[in-house]
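Reader: I have a multi-chain model to go through. Can we walk it together, one topic at a time?
Author: Sure, here it is.

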Amino acid sequence: MADEKRLSLNRREFFGHLAVGWSLFAAATGGLLALVFRFTFPNVNFEPTMSFTAGLPSDYEKGVDERWKNAYGVWIVKHEGILFALSNICTHLGCVPNWLPGEQKFKCPCHGSGYYVTGVNYEGPAPRPLERFKIVLNSEGKIFVDKTKIYRAEKGEWNNSDSFITV
Amino acid sequence: MKLEPGMAYNTKVLNKVFAFLSAIFLISVFWMLLDDYIRPWKVYQVEATKIKQERLAKVIEETEQSLDASEIKALEDEILVAEQESQKHNETIKKIEEEMHKLEGVIHAWSIKKGEANAQVSALTFKAEMSMEHKEHNADKLMQQLKDWKVKFASASDTLKKYELEQKEKKKSIVELNSKVIDLRKELDDKVGKLELLKDAKAAISFDGVSVLRNAPLLDYLDPTLRIEQVVMKNYYDDRYFQQTARVDRCTTCHQMIAKPGFEDRENPYKTHPNLELMVGENSKHPVKEFGCTNCHGGEGHRVHDFQSIAHTPQNSKQAAEWREKYNWHEPHKVPAPMFRLQHTEAACLKCHQGVERIPMADKLNEGRHLLEENGCYSCHKIEGWEHLKKPGPSLYRLAGKVDKEFFKNWVWNPKQFNPKTKMPSFFNQSNNSTPEFKAKNIAEVNALTDFIYSLSEEYTPNEKFTVGNAETGKELVSKIGCLGCHQIDGLDENYNVAQNKRGPYLKGLGSKVSAHWMKSWLKNPTHYDPTTIMPSFRLTDSEASDITAFLMDSKQERFQNLKFAPLDGDIRDELLVESFAAFDTLAHAREKVEAMSQVERTLELGRITLGKYGCYSCHSIKGFEDSPQIGPELTNIGSKPIEQFGWGHQHLAHERDVWIRAHLENPRRWDEGTTKPFKDLSKMPYFDLTKNEIESMVLALLGQVSDYVPLEGMKRLSADEKLAEKGSRVVREKNCFGCHKIDGEGGEILANYQDDLNAGPPFLVQQGTRTKARWLYDFLDNVVPIRSFVEIRMPSFHLTNEERNLVVSYFQHKAEEISFDDERELYTWNPGERQAAIKLFKNLECATCHSHGITSDTPMGPDLRLAGNRLKATWIKRWIGNPISILPHTTMPSFWDGGESPEPEILGGDSEKQMWALTKYVLEMTKNPSVAAELRK
Amino acid sequence: MRELINKLSDPIFSFPGAMLLYLALLRYYRIFGSKKFAKIALVVILGLVAYFFADPNFFLIITTPDNIPISILFVLVSFFTWLTFHKAAENDKRIEQGLCPIEGTPENREKVWTWPNLVYTELFTIIAGTTFLIVWAILFKAPLEEPANPTWAPNPAKAPWYFLGLQEMLVYFDPWMAGVILPGLIVVGLLAIPFMDTNPKGNGYYTFQERKVAISFFLFGWLVLWLYLILIGTFLRGPNWVFFGPFEYWDLHKVVAENNVNLSEYFWIKGLGVSMPKNILLREIIGIIVTALYFVVGLPVVTKLWGKAFLKSMGQIRYYIFMFLVFSMVSLPIKMFLRWLFQLKYIIAMPEFELNL
């Protein structure tokens with residue numbers, strides 16, 4: 001019944017307590033939401049090791065080396081002057097291909113996808129080449145493979161210097 | 001204050017309140033952000049990074065200094081020149097690059113065509129084959145389509161290959177044009193490459209703007225440099241009560257350099273792990289990525305928050321005080337398995353290295369287990385895996401024929417009074433049973449026990465009669481023939497008192513203990529008294545036995561001999577019996593029962609009860625009590641026993657497992673202090689009078705007895721050789737071979753008496769399996785003949801069963817991973833001229849000086865070569881001849897082929913190998929045909 | 001001094017003490033509700049708190065993170081109980097003088113806008129509450145204890161604070177009673193209050209005089225039974241659910257002599273000197289009779305003495321339901337006294353059916 005005497009906004013008081021209050025409140029609520037967002041990214045995942053040291057480049061012969069295949073799912077390939085780490089997951093449906101040294105190709109037993117020694121697909125249903133993992137030399141000159149970072153040929157990422165080591 | 005109508009409050013005031021509340025709201029949210037973001041472990045990582053930076057800077061400096069700056073400059077100048085030269089190829093290169101670009105488009109187009117063909121082939125393969133299988137009408141059409149597409153695919157593949165080859169060629173040509181630059185660059189890189197890598201590594205861990213952003217609050221979800229490091233193990237689990245979860249250790253978050261060599265002089269957590277080749281290092285036996293940290297150290301490895309949450313345990317109260325100050329540390333609460341104290345870490349070896357008596361390189365643990373064995377803990381307390389060990393105390397089957405009752409009573413009352421070095425612990429005169437009342441009861445118990453045990457004992461008459469003997473000669477014999485391999489003996493000269501062998505009892509005062517006849521009979525044939533004894537026979541002649549008996553019997557314990565044990569008080573005995581019977585009956589009935597028994601029956605009954613009470617049969621074989629269960633609680637899993645289940649009595653001790661075990665070993669009766677226990681409820685574990693160091697080792701060994709589940713993949717699995725060697729080692733340890741022989745570096749305590757001349761002592765057995773022939777060793781163990789007549793110490797004759805002999809032989813064979821039999825057929829035929837060469841060598845090298853048997857009449861200083869061919873393996877003989885010092889560093893056998901050079905360059909063309917084999921062959925012939933030695937007489 | 005406090009804290013003494021204090025509260029509520037009393041009480045309480053906190057054992061219990069809400073609870077309950085009686089005393093005085101209660105004065109009857117008066121202030125409470133929880137969460141983090149072990153129960157194993165009253169009741173009652181029937185009756189009783197309460201007075205204003213019965217019985221159940229039992233269960237029950245005074249160290253090995261006897265055992269074995277009858281009904285006849293008498297005779301007696309007015313105003317159904325609930329509520333203190341005085345275990349003991357009273 002007392003509509004006439006409404007509270008009016010006085011321009012002089014624009015930065016009055018109300019505005020300050022609301023901005024602080026908004027900042028605090030936004031902060032809480034930001035913290036919630038941050039919370040959804042765990043600080044550590046309960047998963048097996050995603051990186052490893054793989055010895056010296058001189059430890060590897062030309063061609064495909066399978067010594068890390070069982071432990072980490074990685075082929076170390078030395079081919080035409082570069083050393084790179086191929087993922088052993090077929091890009092068709094995720095089986096593990098076999099390396100056939102006689103025919104110099106990776107052949108997936110599930111549906112017959114075939115890849116050259118470079119990892120490029122050329123037969124069967126595989127739609128794209130095998131992925132490369134980050135591979136760098138550490139301060140002792142040893143190879144360090146990091147499976148959390150992948151490089152895809154079809155995106156042109158195989159030119160990225162972290163996806164191969166020049167030998 | 002007038003309010004506007006419809007308003008309960010003044011809006012201005014409300015707004016002020018709102019602003020204030022929002023402000024503190026924001027502050028609290030910000031505080032939450034900080035509390036979540038600021039973690040103690042990040043501080044340690046920052047410090048660790050700084051240390052790593054420091055070190056890298058140092059290494060970079062050193063590397064830079066090692067480089068020749070002028071050389072580098074020269075190379076760089078060359079590169080500049082080459083680059084300028086290659087400029088003139090720019091035009092060509094540009095053109096080629098343009099062509100390549102065009103080619104890329106073509107290749108891309110053909111890739112698509114090929115991909116399409118590939119897809120069609122795959123799809124049609126399925127369709128066509130399926131329609132063939134189901135015999136559909138369009139099968140042929142589909143097959144034809146498939147054929148067509150296959151052709152298209154083949155042609156597309158081929159064309160694509162053509163263009164790709166072209167591209168390759170073009171690339172190659174560019175490279176060729178730039179080849180000089182590329183080569184020079186490579187040369188430079190070879191020189192400075194390492195430096196570049198080091199600089200990159202240093203940059204990667206620098207605290208620049210990028211790293212600040214990466215680690216900023218809220219933004220650090222992407223890819224922080226300060227992050228939690230972990231090792232997830234697939235072979236080791238955390239036991240979450242019927243659920244095994246893979247163990248994860250996050251210790252390396254703070255202990256960043258634990259696996260990196262070079263930080264050994266730092267303080268933890270920035271320290272390199274000691275002994276990196278055995279533990280933690282990448283190429284060690286226990287790499288951290290496979291084994292983690294908590295497997296050995298315990299603690300809450302999956303927690304990271306701060307120093308406290310991991311349940312670090314200080315080594316002692318001094319370190320605890322340090323930690324309280326430095327880290328605000330307090331005792332961990334509600335942690336099922338806190339870390340081992342650093343000095344107890346070896347206890348953790350036991351849970352994976354099971355089934356072996358000694359674990360390589362775990363010296364403290366081995367020492368502790370040895371002490372548990374020596375003191376016979378395993379015989380009263382069951383420990384799984386120790387069941388094969390003999391009872392530590394002598395058999396009491398025929399006690400009546402060895403000592404008299406008076407001796408026995410005084411002995412049981414206080415063993416150390418007679419033998420200060422005895423292993424038998426003390427049951428009486430302890431802190432909980434020394435009141436006059438308890439003492440009187442104990443006296444009654446001892447009297448009754450004696451009568452009871454003697455009633456069970458068989459009759460025994462010694463096999464020999466002692467008349468006279470020369471104690472001086474006896475002393476000589478005892479010092480030299482090898483008694484000291486198991487015993488320490490009172491009254492010997494100082495130099496024969498150094499070795500600390502304790503397998504047999506300390507021999508002192510035997511004149512007050514046994515009769516001379518018994519002694520002589522025992523010495524000549526120990527099994528006559530006790531068929532299960534491990535004491536061997538030294539093949540003593542009658543006069544030797546008499547002399548030794550005379551010496552030993554000369555040692556007396558007058559005071560002990562004159563002790564008169566208090567007699568049995570019948571009333572106390574009856575009281576104890578009534579108390580025992582009244583456990584399941586009324587007092588009246590119990591008294592009746594006792595009344596109905598005769599005096600002798602009562603004494604024997606009390607003796608039987610006492611025997612059951614103290615559990616003597618756990619350590620001694622007693623007739624009728626062979627199968628009685630061990631009297632003490634099981635210790636198999638004492639390392640995992642919940643803290644709540646330990647009883648602390650009224651002792652004020654920290655409630656920790658190792659504290660309890662230590663306190664218990666220091667005085668097992670302490671838990672009765674301050675209690676009001678009746679006589680029958682007093683603690684019974686006897687007192688062992690151990691030194692502080694012994695107790696520490698035993699505590700460590702017992703802490704290792706845990707119930708942690710380790711899957712087979714995680715355990716140390718013995719190879720087939722190791723398993724058989726381990727089986728055999730049980731016999732070898734039981735008979736105390738290690739008391740005399742140093743077998744592959746272990747044992748040989750008696751050699752402490754032969755420091756002046758190790759060759760006078762028992763031989764070292766180094767890789768024995770490669771040395772003696774298995775068949776010979778097997779026969780030798782049953783039929784000992786002297787091999788080295790120039791030493792006084794004797795190999796005793798052990799009365800081994802057939803199985804035991806086999807096990808001993810297989811122990812040596814499998815320890816050395818040696819196939820049993822060499823093929824020596826070739827070595828029995830001579831090559832032309834070889835035999836003469838051998839004889840010449842033998843004479844020139846003057847082998848007969850020491851190995852004189854059958855050749856000269858000189859006193860031999862080396863073993864009889866006429867026995868060597870049967871005894872030793874030919875391969876070993878050859879190895880020995882070639883380099884004896886590498887096998888036995890203290891041997892007097894000369895090394896004729898020192899450094900591979902032959903001492904006789906004329907014989908067999910100076911070929912060392914041929915010479916050694918020639919001599920070996922000759923030794924073999926000497927064995928086969930001993931008369932051959934005659935031709936060496938000249 | 002400490003020994004005395006420890007001894008007096010035992011429910012044997014402190015429960016009657018609490019009851020007496022409560023009766024005093026009701027009798028002298030105007031004094032209790034006065035500002036002077038509040039000020040004096042505050043000073044005394046602060047002094048007591050300082051004295052109590054000086055003791056390390058007490059400090060340990062009171063600062064356990066789990067127990068801090070209880071402490072806050074008691075502070076708040078004390079304050080609001082005082083506030084209630086303060087306002088009730090004021091109003092009762094006014095009503096005696098013939099005035100309307102404070103809430104009835106024209107100033108207080110004036111209507112105000114929900115927005116912003118209610119909504120704005122609600123926002124304040126939301127912000128303040130959230131801030132309070134955030135600060136609490138930072139300061140008293142949820143502890144990370146050992147992995148859950150189904151084969152080992154912590155000692156003492158305490159229920160959450162809101163059930164500690166019931167857990168304390170378990171000392172005196174069989175689990176069926178303490179855990180199912182009595183809590184069920186509590187819930188049912190609370191639900192039934194609006195239907196039983198026919199007193200039109202006290203609607204929208206504080207008063208005590210005009211709602212004596214309702215307030216007395218409710219506060220008896222709330223303060224003397226529910227809160228008091230929570231207090232005991234939280235702070236004064238230690239390992240093995242043995243009583244420990246506030247200054248006593250929680251020694252795991254403490255044993256209290258307790259050998260409780262059933263009523264039927266008292267009757268047959270101790271009283272008549274014969275062995276217990278085989279027939280269950282016969283065996284427990286004395287307990288059954290006593291319980292029946294309690295309700296069947298007790299109710300009419302109480303009605304005759306005090307309840308006539310109520311029976312008239314509430315009607316038979318309401319009255320008898322109300323009385324049944326009151327009798328059930330009072331049975332708890334009665335049982336507690338029987339336990340302390342006579343070591344009485346169960347009035348009716350039927351372990352064959354796992355049902356005891």
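Reader: Where is C:Pro156 found?
Author: In a loop of chain C, between α8 (114-139) and α9 (161-169). One caution up front: this is a predicted model.

Reader: Noted. What kind of peptide bond joins C:Asn155 and C:Pro156?
Author: A cis peptide bond, with omega about 5°.

Reader: And what joins B:Asn268 and B:Pro269?
Author: A cis peptide bond too, and omega is about 5°. B:Pro269 lies in the loop of chain B between β2 (244-249) and β3 (279-280).

Reader: Staying with backbone. What is phi of B:Leu218, positive or negative?
Author: Positive, near 70°, and the residue is not a glycine. B:Leu218 sits in the loop between α7 (209-214) and β1 (231-239) of chain B.

Reader: Interfaces now. How many residues of chain B are in contact with chain A?
Author: On the chain B side, 37, and they touch 44 residues of chain A.

Reader: What area is buried there?
Author: About 3400 Å² between chain B and chain A. Carbon and sulfur atoms give 69% of that area.

Reader: Which three residues of chain B supply the most of the area it buries against chain A?
Author: B:Phe18, B:Leu197 and B:Tyr221. Together they supply 16% of what chain B buries against chain A.

Reader: How many salt bridges cross that interface?
Author: Two, between chain B and chain A. B:Lys168 forms a salt bridge with A:Glu80, and their closest N and O atoms are 3.3 Å apart.

Reader: Same questions for chain C and chain B. How many residues are in contact?
Author: 28 residues of chain C meet 25 residues of chain B. The two chains bury about 2400 Å² between them, and 74% of it is on carbon and sulfur atoms.

Reader: Which three residues of chain C supply more than any other three?
Author: C:Tyr120, C:Phe124 and C:Ile138, with 21% of the area chain C buries against chain B.

Reader: And how many salt bridges are there between chain C and chain B?
Author: Two again by the rule. The side chains of B:Lys334 and C:Glu145 meet in a salt bridge, 3.8 Å from N to O.

Reader: Surfaces next. Which residues gather in the patch of negative charge?
Author: B:Glu78, B:Asp183, B:Glu187, B:Asp189, B:Asp190, B:Glu196 and B:Asp200.

Reader: Which helix gives the most to it?
Author: Helix α6 of chain B, residues 179-204, with six residues. B:Asp200 is found in that helix.

Reader: What makes the nonpolar surface patch?
Author: It is made by C:Leu282, C:Ile285, C:Ile289, C:Leu293, C:Val296, C:Val297, C:Val301, C:Leu305 and C:Trp306. The area is about 860 Å².

Reader: Which elements give two or more residues?
Author: α14 (285-296) and α15 (298-314) of chain C. Helix α14 of chain C gives the most, four residues. C:Leu305 is found in helix α15 of chain C.

Conventions
Residues numbered from 1 in each chain as written. Chains lettered and ligands numbered in written order. Predicted model: local features only at pLDDT ≥ 70, side-chain atom pairs only at ≥ 80, totals over all residues. Heavy atoms only, no water. Patch = residues over 30% accessible without salt bridge, like charges linked within 9 Å, V, L, I, M, F, W, Y side chains within 5 Å. Areas by Shrake-Rupley, 256 points an atom, 1.4 Å probe, with all protein chains shown as cover. Salt bridge = Lys/Arg side-chain N within 4 Å of Asp/Glu carboxyl O. Lys, Arg positive; Asp, Glu negative; His and termini not counted. Charge placed at Lys NZ, Arg CZ, Asp CG, Glu CD. Contact = heavy atoms within 4.5 Å. Buried area = accessible area lost by both parts, 1.4 Å probe.
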